[in-house]
Structure formats: structure tokens, C-alpha cells
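Here are a few notes to read alongside the model. They start with the ligand and then turn to one residue.

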Amino acid sequence: MKIVIVGSGLAGLSAGYKLCKSNEIVIFEKDAEIGGMAASYCRNFAGKKYFIEKYYHHIFRSDSELLDLIRELGLEGQMLWLKGKNAYFVDGKNYPMNTPGEILKFKPLSFTDLVKLGLLVLRIKLINNTISYDRIKAKDWILDTAGQSVYENFFAPLMKSKFGENAENVSAAWLIGRVKIRSDRGKEGEKLGYLKGGFNSLIEALAREITAYGGKILQNETVTEIVIKDNAVQGVIANGNFIPCEAVISTVEPRVLDILTKGKLGALHATLQSIRYQGTACALIGLDRKLMKDGNYWLNIKANVPFGAVIEHTNFMPFEDYGEHLIYVTSYFQDENNDLWIKKEEEVLDSYLKGLEKMFSDFSRTDIHWAKLFRRMDTAPVYEQGYLEKVLPFSPGPSGLYLAGMFSSTNYPERSMNGSLKAGFEVASFFMKKEENCEVCWLD
Ligand SMILES: Cc1cc2nc3c(=O)[nH]c(=O)nc-3n(C[C@H](O)[C@H](O)[C@H](O)COP(=O)(O)OP(=O)(O)OC[C@H]3O[C@@H](n4cnc5c(N)ncnc54)[C@H](O)[C@@H]3O)c2cc1C
């Protein structure tokens with residue numbers, strides 16, 4: 001059966017990987033590189049080539065499908081579990097946030113507030129049914145559980161930096177899911193997973209498998225319509241050409257899916273319109289020397305700068321793997337009118353560098369080897385109160401049309417590489433079951 005997959009992110013590649021042995025797969029990707037948000041930038045430096053993700057990425061021990069796939073593709077020799085030091089920059093001061101002892105020294109909270117924060121984390125650890133908190137706002141739940149000061153001095157700045165003006169609408173389900181993952185540290189403290197050589201190895205291994213079975217991955221090819229007639233998929237239009245097929249798996253964001261299907265998804269049209277996504281403007285900078293001398297990997301920031309976090313990749317992975325120091329300076333934004341989206345790349349970079357100069361007295365622009373800004377409009381659903389109702393089904397109605405991606409149930413209440421990979425696997429098995437049933441009907 002000929003299946004067109006729209007998008008070569010992890011959802012599209014994993015669906016293609018599962019289906020390529022018994023079907024003809026054609027993946028259309030609008031960008032020059034494959035991998036979607038997990039794609040990498042290839043840098044040649046000092047006679048050496050390396051790959052670094054355009055947007056910072058690591059994985060957690062709970063990402064079981066992803067870890068199984070890494071094993072299956074023979075990449076487990078590259079898998080590393082490393083400590084990444086975290087800190088919170090508040091009112092001009094860095095507070096390390098790695099151990100309970102360090103957290104107890106977080107001055108913006110009184111001792112009583114710190115106890116309340118600790119109890120909130122313990123309470124979250126005991127929650128089994130995260131989904132039941134979908135209709136409660138995170139803000140209200142924190143205020144009820146730990147009080148005003150813990151909310152205002154600890155959670156509010158972090159949520160504001162992640163969700164901007166939508167922060168107050170985010171659901172407690174998202175917060176609980178997030179805190180559960182980040183507080184699952186074991187005795188040794190939190191270790192994060194990364195592939196030596198970058199997640200590019202995973203993307204390439206998936207692509208190799210698909211093409212080895214005759215599948216095609218077409219880059220710089222934008223799908224402009226998923227053609228649906230009499231409630232059945234006929235094919236897609238890409239770069240003005242009609243490509244007929246029996247099934248389409250779409251992994252594109254909801255508002256794009258709505259455009260591609262020309263309002264033919266009936267009742268789902270309103271849901272597609274109502275799902276809010278946020279954008280990311282992430283600068284990746286190569287430096288001559290370390291930025292965070294205290295060894296921090298991840299610094300959350302509450303300060304008057306145009307970004308919410310600085311992530312020093314080479315305080316996590318060894319500097320020797322790259323030959324230069326690598327940092328991400330990043331911010332989410334909420335809509336297309338934001339300066340981070342409309343201003344020119346040089347202007348956004350300049351505003352980020354001014355922020356770094358303000359925060360790090362010994363940072364100098366002369367240390368910069370290169371800097372790039374990666375930005376995209378739809379990088380994460382905003383998990384607002386009541387979002388669960390908006391989770392999109394794997395099969396939205398028209399025969400032959402399937403959906404998998406950040407909007408799928410596997411990515412609720414937080415999107416991740418594991419969630420999209422799982423969505424790709426689940427849509428593939430959904431497809432196979434449906435086809436098996438049809439063959440049985442036909443044989444009958
Ligand atoms: C800043 C940032 C940090 C992150 N950090 C982590 C992390 O540490 N750990 C983690 O697990 N996850 C992280 N993620 C999330 C993770 O990258 C995503 O959840 C996952 O990669 C999404 O995969 P996807 O296939 O669902 O979507 P995407 O990667 O968005 O893939 C969709 C693809 O469809 C293509 N496309 C769109 N429209 C069309 C069209 N009309 N025609 C053809 N192609 C089209 C797009 O170009 C894209 O390649 C991060 C994301 C961001 C932005």
C-alpha cells in the first residue's frame with residue numbers, strides 16, 4: 001500500500017520505520033533537513049565535523065520507547081547518562097538547585113515556604129492519576145497547596161518564562177507531569193540521557209532503515225493539500241503535483257493540518273482552530289571559552305533579559321567532542337506579533353547578547369566563534385486547563401487519514417521526543433490493525 005507521511009520529525013520517521021517493510025513509504029519534508037524539532041546543525045570546525053541539535057535536547061530514564069529504539073537500531077554504545085547541574089538566577093544571584101540542601105538555601109523563599117515547596121513535591125510524587133488534574137489551573141493548585149509566596153517567588157517566574165501570558169491558564173496536569181519527571185532523581189541525583197554524536201545519529205538511523213526498504217524521504221517538499229473526496233483520502237498535493245496514495249499520515253501542527261485538509265475534517269475543524277501552540281527563538285552560540293564557570297548546564301532566569309534560560313551544552317557533554325564551547329540562549333513566545341518572531345535574526349541575536357553581557361560580567365563578544373538563531377512558530381502545545389479534550393485522535397474520520405505528533409495522546413501532558421516516537425508507533429499499529437480488519441471484510 002502506498003502511504004504518504006507529511007513531516008520527517010520523530011513522529012513521521014517512526015511511523016515510516018514501522019510501516020516500511022510492508023508498504024511503499026513516501027515522506028514529504030518542507031525543510032532542507034530531516035528530524036523536525038530534533039534536527040541538528042552540522043558544523044565544521046578546526047578540520048572536524050560535528051552535529052549539534054538546533055534546539056537543546058536530552059532524555060529521561062522514563063523515555064522507555066525511545067531507549068528501546070536506540071537499542072534496536074544498535075546505537076546503545078553511544079548512549080550516555082550524565083549529570084547536568086541546574087541553577088536558578090533570581091535578582092542577580094545564582095542559586096544552585098541540584099540537591100535538597102542547595103534548594104534549602106534558595107533565599108527568595110523563607111524556611112516555611114521551602115518546607116511547603118518540599119511538601120508540594122512529595123504530594124506530587126504520590127499522585128498516580130495526573131490526567132484528573134486537567135481541569136484545574138496550575139496556579140490555583142499551587143496557591144491552594146503551597147501558598148502565595150511559593151507561587152510568586154518560585155513557580156510563577158518559571159511558568160511565565162515557559163508560557164508567557166498563557167502561564168496562568170496552564171493546567172495542573174502539566175505541572176504535575178513536569179515535577180514528577182524532574183524530581184525522579186534516585187540516590188545519585190538526576191542524570192539526563194544524551195547520544196554521543198547527538199540525536200542526529202538516531203534521525204539518520206531511522207532514515208537509513210526507511211530508505212533501505214525502498215522508502216523515499218523528499219526534503220524541501222511542502223505538502224499544500226491533503227486531497228479528500230467522498231470522505232476518503234485520494235492523495236496529496238506537493239509543489240503543485242498531485243501524488244495519489246491509499247493513506248496519509250499527517251504529523252504537522254493542528255493549524256497547518258486544518259489548512260491542508262481545507263475544512264474537510266468536520267467537527268474537528270473547531271478543535272484544530274482552538275489548539276494553541278507557542279513558538280521558540282533559540283540562539284546557538286559557539287564560544288572560545290566557558291560561559292558558566294560554576295559548571296551549570298541549565299540556568300533558569302528571572303531577570304530583565306529577553307530570554308528565559310541559558311543552557312551550556314559543553315557543561316553537560318565534554319567540550320573536547322566539539323573543540324569549542326556551545327551555549328543555547330532561549331525563549332518561548334506566544335504569537336506571531338512577538339519581537340522574537342518578527343525582528344531580523346541579527347536584531348534578536350543582538351538583544352540576547354546584550355542580556356548575556358548584563359548577566360555575565362566577563363562575557364565578551366570577542367569570545368564568539370559563531371552564532372545562529374533557530375526559531376519556529378509551533379514548537380509546543382500550550383497545555384491549558386481542559387486541554388485533554390483537544391487531544392487529537394490517531395484516525396480523525398476520513399478513511400485513509402491518520403494523525404500522529406505533538407498533539408497526540410502520547411504527548412500529553414508534555415511533548416517530548418519519546419511522545420512523538422510513541423505516537424508514530426501507535427499510528428502505525430492502528431493503521432495495520434485497520435488494514436487487517438479491512439482485508440478480513442474483503443475476504444468475507
Ligand atoms: C526548544 C526545544 C527543546 C526541546 N527539548 C526536548 C528535550 O530535551 N527532550 C525531548 O524529549 N524533547 C524535547 N523537545 C521536543 C521534541 O523535539 C519534539 O516533541 C519532537 O521532536 C516532535 O516531533 P514531531 O515529529 O511530533 O514534530 P516535528 O518535529 O515538528 O515534525 C513535524 C515535521 O513536519 C514538517 N512539516 C510541517 N508542515 C509541513 C508541510 N506542509 N509539508 C511537509 N512537511 C511539513 C516540519 O518541517 C517538521 O519537520 C524540544 C523541543 C524544542 C522546540
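The points below cover the ligand site and Phe 199.

1. A word on the source: this is a predicted model, where local features need pLDDT of at least 70, side-chain atom pairs count only at pLDDT 80 or more, and totals for chains, interfaces and linings use all residues. Numbering runs from 1 along each chain as its sequence is written, and side-chain values use heavy atoms, leaving out hydrogens and water.

2. Let's look at the ligand's surroundings. The shell holds 31 residues, with Glu 29, His 57, His 58, Met 417 and Ser 420 the closest (near means a heavy atom within 4 Å). By type, the shell splits into twelve nonpolar, 13 polar and six charged residues (Asp, Glu, Lys and Arg count as charged; Ala, Val, Leu, Ile, Met, Phe, Trp, Tyr, Cys and Pro as nonpolar; the others, Gly among them, as polar).

3. Where does the ligand lie? Domain 1 (2–57 + 199–276 + 385–443) and domain 3 (191–195 + 277–381) both contribute residues to the shell, so the ligand lies between them; the bounds come from an automatic or database domain assignment.

4. Backbone atoms matter for your reading here: polar backbone atoms of Ala 11 and Met 37 each sit 2.9 Å from a ligand oxygen. The protein covers 96% of the 1,000 Å² of accessible area the ligand has on its own (Shrake-Rupley method, 1.4 Å probe).

5. Now Phe 199. With 1% relative accessibility, Phe 199 counts as buried (under 20% relative accessible area, 1.4 Å probe, protein chains only). Its contacts (heavy atoms within 4.5 Å) include His 57, His 58 and Met 417.

Technical notes: A polar contact is a pair of N or O atoms within 3.5 Å; within protein, one must be able to donate a hydrogen and the other to accept it, and residues adjacent in sequence count only if both atoms are side-chain atoms. Buried means under 20% relative accessible area, exposed over 50%, partly exposed in between (1.4 Å probe, protein chains only). Lists of a residue's contacts leave out its neighbours within four places in sequence.
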